[in-house]
Amino acid sequence: MGRPGLDRRQLLAAMGGLTVAGSFGFAALGTGADALASGADTRVRYWNLFSGGDGYNMIAMLDSFRKDNPGIDVKDSTLQWGSPFYTKLAMAAAGNRAPDLGVMHLGRVTGFSPGRLLDPWDVGLLAQYGVRERDFNPALWKRAVIDGKLYALPLDIHVQLCFYRRDVLRKAGLLDADGRMVPVTSADEWFDVLKEAKAATRKGLQTLGLWVNDQNFQWWFFVAFYTQLGGTWFSADNTEVTFDTDKATQVLEFLRRHITEGYADPGFAGGAGAEQFVNGGPFVWEGNWSVPVFDGAKLDYGAMPLPPVFGKQATHAESHAFVLPHQAGRGGPENEGAHRLAAYVVRHARQWAAGGHIPAFTPTLSTAAYRELKPQSEYVSAMDHQATEPKVWFAGSTGILAQRVGPIVVSSTLGSARPDAVARRMKSTLARLLASKNPMDGKTAAEGGAVA
């Protein structure tokens with residue numbers, strides 16, 4: 001494909017002065033990370049952003065790969081999550097010093113200049129290693145395709161969930177015969193559930209942990225409920241904003257109601273909602289990555305997708321995905337090793353599910369081992385009801401869209417601005433973003449290529 005159109009200096013200038021020097025948290029992981037393994041014929045350089053429990057699970061999967069594939073040494077490196085990771089990956093691709101394999105959030109792929117900073121996957125080679133399109137949720141696979149080519153291989157989806165404590169809900173009479181939370185199909189039903197749960201909760205504990213001060217979580221919750229209402233963002237060709245301010249106002253009023261009726265407390269900021277849940281609070285809305293935390297606390301709890309309060313099931317979802325950072329003349333044993341490694345990890349994602357993520361490789365979901373995972377198997381249906389950000393360059397996990405719109409949502413939830421006024425501000429912000437240019441390639445969303 002040739003070299004990307006931006007060199008390293010141009011790229012840094014285009015990215016608006018992001019702090020780069022000294023900001024890349026960089027650590028090698030895995031048993032074979034420091035040198036080419038003895039007897040290995042090929043080395044695959046792999047960059048990821050997994051730390052904590054995800055990091056340990058990834059190490060276990062890589063060590064299994066090394067054992068099963070002694071001819072391939074994997075040099076895996078973990079970089080700091082967030083903007084530093086994406087900046088370093090972009091610089092490496094622009095400077096033709098990219099690793100053979102990387103990880104990105106799927107929502108960020110469209111903005112990463114596919115074809116310039118990312119190379120497409122060889123789907124024929126993936127098939128040789130046991131990974132085919134039919135093994136994935138169609139909507140998830142479609143998100144990874146740009147201009148008819150696969151630019152990301154999904155590893156999982158991670159979703160926002162409604163965690164609930166069975167001990168409290170049992171006391172409140174809110175469990176069904178299977179020990180799961182009673183179904184909710186409307187906003188009024190949801191607030192009735194909260195009222196009954198609050199009456200069964202110890203004094204001093206909030207009813208629902210809602211991350212009311214956090215721009216990312218508030219944005220994710222908004223995306224979920226706006227999708228439940230059938231809301232749209234932009235026209236198919238990304239030339240017009242189709243954002244529905246009436247539907248947005250309805251969602252904003254719903255989020256705000258949790259505070260005005262006393263179920264969520266603005267005084268419990270950040271992760272305090274999870275702490276309250278551990279201490280006996282009946283509900284918290286959290287990402288599925290909290291499963292290991294609650295397991296470790298030995299709680300009697302369950303988890304379900306965010307309640308379908310507007311009649312349609314939809315919960316916010318993102319995805320970790322493998323990508324091929326651009327290399328001039330990509331090919332040869334290292335490229336084949338990258339395909340083999342990514343396919344192996346995707347196909348052996350039972351270990352990955354221990355971190356709460358839903359494996360993207362659907363054959364995993366039907367195995368007895370996966371069905372025995374609790375609460376993971378309780379919310380696996382979220383795979384079929386994903387509420388995702390629009391497929392534009394400025395979207396994706398903690399991307400520009402969340403940074404610009406998230407604080408506006410927070411202002412409504414906390415009551416510093418009226419929901420209807422906030423909805424209008426959101427629409428005008430979307431219009432400005434739609435007209436802006438991607439610093440990676442200088443193109444607007446409408447100019448960024450046809451999306452499959």
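Start with the residues around the second largest cavity, whose lining divides into six nonpolar, two polar and one charged. Keep in mind as you go that this is a predicted model.

**Stop 1: the second largest cavity**

Select Gln206, Leu208, Gly209, Leu210, Trp211, Val212, Ala264, Asp265 and Phe268, which together form the lining. The space they surround has a volume of about 30 Å³. Keep Leu208 highlighted, because it leads on to the next stop: this residue stands opposite Phe283 in β11.

**Stop 2: strand β11**

Now select residues 283-287, which make up strand β11. Are these residues buried or exposed? Five of the five are buried, and the strand is mostly covered. Show the side chains and look along the strand: Phe283, Trp285 and Gly287 point one way, while Val284 and Glu286 point the other. In a regular strand, side chains alternate between the two faces of the sheet.

Next, add the partners of the strand. Residues 208-209 form strand β10, which pairs with β11 in the parallel sense over two bridges. Residues 156-165 form strand β9, and here the pairing with β11 is antiparallel, over five bridges. To find your bearings on the β9 side, pick Leu161, which stands opposite Glu286.

**Stop 3: the largest cavity**

A search of the whole structure finds two cavities of 30 Å³ or more, and the largest has a volume of about 90 Å³. Which residues should you select to find its centre? Try Leu106, Gly107, Arg143, Glu389 and Pro390, the closest to the centre among the 13 residues of the lining. Two elements, α4 (106-109) and β13 (315-318), give two or more residues to this lining. Of these, colour β13 if you want the element that gives the most, with three residues. Colouring the lining by residue class shows five nonpolar, four polar and four charged residues.

**Stop 4: salt bridges**

Side chains of opposite charge can pair when their charged atoms come close. In this structure there are twelve salt bridges, and a few of them are worth a visit.

Begin with Asp100 and Arg45, whose side chains meet in a salt bridge at 3.6 Å, N to O. Asp100 sits in the loop between α3 (83-94) and β4 (101-105) and Arg45 in strand β2 (residues 42-48), so this pair ties together parts that are 55 residues apart in sequence. Turn on the surface to compare the partners: Asp100 is buried, at 3% relative accessibility, whereas Arg45 is partly exposed, with a relative accessible area of 30%.

Move on to Arg257 and Asp188, another salt bridge with an N to O distance of 3.6 Å. Arg257 belongs to helix α10 (residues 245-260) and Asp188 to helix α8 (residues 187-199), so the pair ties together parts 69 residues apart in sequence. Arg257 is partly exposed, with a relative accessible area of 25%.

For a bridge inside one helix, select residues 419-435, helix α18, where Arg424 and Asp420 lie four residues apart, about one turn of the helix. Their side chains meet in a salt bridge at 4.0 Å, N to O. Both ends are partly exposed: Arg424 has a relative accessible area of 48%, and Asp420 has one of 24%.

Finish this stop with Arg166, Arg170, Asp300 and Glu378, which are linked in a network of salt bridges.

**Stop 5: backbone details**

Zoom in on Lys374 and Pro375, where the peptide bond between the two is cis, with omega near 5°. Pro375 lies in the loop between α16 (368-371) and β16 (386-387).

Two asparagines come next. Asn96 has a positive phi of about 60° although it is not a glycine, and its place is in the loop between α3 and β4. Asn238 also has a positive phi of about 60°, and is found in the loop between α9 (215-228) and α10. Which of them is buried and which is partly exposed? Asn96 counts as partly exposed at 34% relative accessibility, whereas Asn238 is buried, with a relative accessible area of 13%.

**Last stop: a distance to draw**

Return to helix α8 and pick Asp192, which is partly exposed, with a relative accessible area of 45%. Draw a line from its C-alpha atom to that of Thr388: the two residues are 196 apart along the chain, and the atoms are separated by 28 Å.

How values were computed. Residues numbered from 1 in each chain as written. Predicted model: local features only at pLDDT ≥ 70, side-chain atom pairs only at ≥ 80, totals over all residues. Heavy atoms only, no water. Buried < 20%, exposed > 50% of the residue type's maximum accessible area, 1.4 Å probe, protein only. 1 Å grid on protein atoms, 1.4 Å probe; cavity = no way out; pocket = protein on both sides within 12 Å on 5 of 7 lines; lining within 4 Å. Points joined across faces, edges and corners; volume = space filled by probe spheres on them. Nonpolar A, V, L, I, M, F, W, Y, C, P; charged D, E, K, R; others polar. Pairing = 2+ DSSP bridges.
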